[in-house]
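Here's a quick briefing to read with the model open in your viewer. Take a look at the fold, then work through the notes below.

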Amino acid sequence: MNNVNRRDFLKLSGSSIIGLTLGGVALRANAQEQVTLEDPTAIALKYVHESEVEGHYCDNCQYIQGEDGEEWRPCGIFPGKVVNAKGWCSAWMKKAG
């Protein structure tokens, strides 16, 4: 694990629990607004609209929701918001399968 301070860890943990609790259907129904780089969760998770890490994209993360091929999709980490499929954050975890 990277050098993560306690505050960032708690933000990540809280965001993950909230995102996972809402479920995929609720996220797809409520996601409307694009996440901004100034969003507090985005800052804590170092979210970027275009990943600089080869093979690590929101598009292949287990938290992504919505239809494959869409540019902006709902994410379990950012409830009610959509992320760029080419983006990345430190909560990225490769999809199983």
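Where does V35 sit? V35 falls in the loop that links β1 (33-34) to α3 (40-44). Keep in mind that this is a predicted model. The protein has three helices and three strands, and going from the N terminus you pass through them as α-α-β-α-β-β.

**Overall picture**
- Of the protein's 97 residues, 36% count as buried.
- The accessible surface adds up to about 6,300 Å², and carbon and sulfur atoms own 52% of that.
- Looking at contacts with a separation of 6 or more, 70% come from residues 24 or more positions apart.

**The sheet**
- The three strands make an open sheet, ordered β1-β3-β2, with mixed pairing.
- β1 and β2 (72-75) are the edge strands with a single partner each, so each has one side without a neighbour in the sheet.
- As background, strands of a sheet pair through backbone hydrogen bonds, in either a parallel or an antiparallel way.
- β1 pairs with β3 in the parallel sense, over two bridges.
- Across from Q34 you'll find V82 in β3.

**The nonpolar core**
- The largest nonpolar core holds 15 residues, and Y47, I77, F78 and V83 have the most contacts inside it.
- In general, nonpolar side chains in soluble globular proteins tend to be buried together.
- Setting aside residues up to four places away in sequence, V83 touches V35, Y47, C58, I64, E71, W72, R73, C75 and F78.

**Back to V35**
- Is this loop residue buried or exposed? V35 counts as buried because its relative accessible area is 2%, and the cut-off for buried is under 20%.
- Leaving out residues up to four places away in sequence, V35 touches A42, Y47, H49, F78, K81, V82 and V83.
- V35 and P74 are 39 residues apart along the chain, and their C-alpha atoms are separated by 9.6 Å.

**N84 in β3**
- N84 belongs to strand β3, which covers residues 78-84.
- With a relative accessible area of 8%, N84 is buried too.
- Which residues does N84 contact, leaving aside neighbours within four places in sequence? They are Y47, H49, C58, E71 and W72.
- Y47 turns up in the contact lists of V83, V35 and N84, so to speak a residue to click on while you browse.

Notes. Residues are numbered from 1 along each chain as its sequence is written. This is a predicted model: local features need pLDDT of at least 70, side-chain atom pairs count only at pLDDT 80 or more; totals for chains, interfaces and linings use all residues. Side-chain values use heavy atoms; hydrogens and water are left out. A nonpolar core is a set of buried Ala, Val, Leu, Ile, Met, Phe, Trp, Tyr and Cys residues joined through side-chain atoms within 4.5 Å. Buried means under 20% relative accessible area, exposed over 50%, partly exposed in between (1.4 Å probe, protein chains only). Contact means heavy atoms within 4.5 Å. Helices (H or I, at least four residues) and strands (E, at least two) are DSSP runs, numbered from the N terminus. Accessible areas come from the Shrake-Rupley method with a 1.4 Å probe; for residues, only the protein chains shown count as cover. Two strands pair if DSSP finds at least two bridges between them.
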